[in-house]
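Visitor: I have a structure here and some terms I would like explained. Could you take me through them?

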Amino acid sequence: MRRHPWFEGVGTPRVLAHRGLVTSEDALHGVVENSFAAVAAAHAAGADYVESDCHLTADGVVVLFHDADLSRVAGDPRPVAAVRSRELDDLMSERGGLLTLDQALEAFPTIRFNLDVKAAGAATPVGEAVSPHGHRVLVTSFSDDRRRTALRAAETAGRGIRPATSAGSATIARLLAALQLRSPRLIARVLRGIDALQIPERQGRLRILTPRLIRVAHDCGVEIHVWTVNERDDMARLVGLGVDGIVTDRADHALRLFGGAGTG
């Protein structure tokens, strides 16, 4: 099975810079996650992959932003969807700079983006925006509906190859059920069209990552990426178990641990 270009030319373990990279020093200067400065810092550190999130502003601009509102990042209680992009740009001007999806794709042409669609209204615009860049984009969402909507929009736009994708929550739940049933046929059916499983090691008391999950995913040509891992010992331990990628707030630490960007 031919791999999607998002995975080609970069060795494992893949280091996915979670919302870019904000060092302690950057934070002291007001830089926040998912900002232009955060993505630029990840790029400067040697990250091939940046994980980010997509919301839609009041005037229909897709922006890299995790939360549904501005409370945590900008001290403003309004939803992202209620703010126009020009005003959001002003709010982010002293926080590392607003980064729209179009700007991210243009300003960082060598980065491979892992984009989490956070809002239903953003799904179609995200798909349309990434269509010419499908070779270096992986689309995901906790919602399989949002994920599929974005993929359909990318395919309908028809300006490049289909983005890669990772499973949403419902697909992962079906996979865990199939594992319990020990049905290779059902497992293969659940993972059809999926390029990666991006999962936490645990969800509360439930252990998600197991050696068996890693084995069956690899048998189906699907990678395992674990989030969000910030301690070096945990990074090394998980890679030792066989995971293919680490999603981390400390991409600089992970890249040093694993010998640079992993190209090869």
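The talk below goes through the cores, a helix pair and a pocket of this predicted model.

Visitor: What makes the 60 residues a nonpolar core?

Guide: A nonpolar core needs buried residues of nonpolar kinds, joined through side-chain atoms within 4.5 Å. The largest such set here has 60 residues. Leu101, Phe113, Val130, Leu197 and Ile224 have the most contacts inside it, and buried means under 20% relative accessible area, so these five fall under that value.

Visitor: Which residues is Phe113 in contact with, leaving aside its neighbours within four places in sequence?

Guide: Among them are Trp6, Val39, Val50, Phe108 and Leu138. Contact means heavy atoms within 4.5 Å, so each of these has an atom within that distance of Phe113. A second, separate core has 11 residues, including Val32, Ala74, Leu88 and Leu98.

Visitor: How do you know that helix 7 and helix 8 pack?

Guide: Asp144, Arg147 and Arg148 in helix 7 meet Ser169, Ala170, Thr171 and Arg174 in helix 8. The axes of the two helices are 7 Å apart, at an angle of about 115°. By class, the residues of this contact are 1 nonpolar, 2 polar and 4 charged.

Visitor: Why is the space of about 470 Å³ called a pocket?

Guide: A cavity is a set of points from which the probe cannot get out, whereas a pocket is an open set; this space is therefore counted as open. Its lining has 27 residues, and the closest to its centre are Phe142, Gln198, Ile199, Pro200 and Trp227. Helix 8 gives the most to that lining, with 4 residues. By class, the lining has 11 nonpolar, 11 polar and 5 charged residues.

Terms used:
Residues are numbered from 1 along each chain as its sequence is written. This is a predicted model: local features need pLDDT of at least 70, side-chain atom pairs count only at pLDDT 80 or more; totals for chains, interfaces and linings use all residues. Side-chain values use heavy atoms; hydrogens and water are left out. Buried means under 20% relative accessible area, exposed over 50%, partly exposed in between (1.4 Å probe, protein chains only). Axes are lines fitted to C-alpha atoms, for helices over the stretch in contact, and angles run from 0 to 180 degrees between N-to-C directions. Ala, Val, Leu, Ile, Met, Phe, Trp, Tyr, Cys and Pro count as nonpolar, Asp, Glu, Lys and Arg as charged, and the others, Gly among them, as polar. On a 1 Å grid over the protein atoms alone, a cavity is a set of points where a 1.4 Å probe fits but cannot get out, and a pocket is an open set with protein on both sides within 12 Å along at least five of seven lines; lining residues have an atom within 4 Å of a point. Grid points are joined across faces, edges and corners, and a volume is the space filled by probe spheres set on the points.
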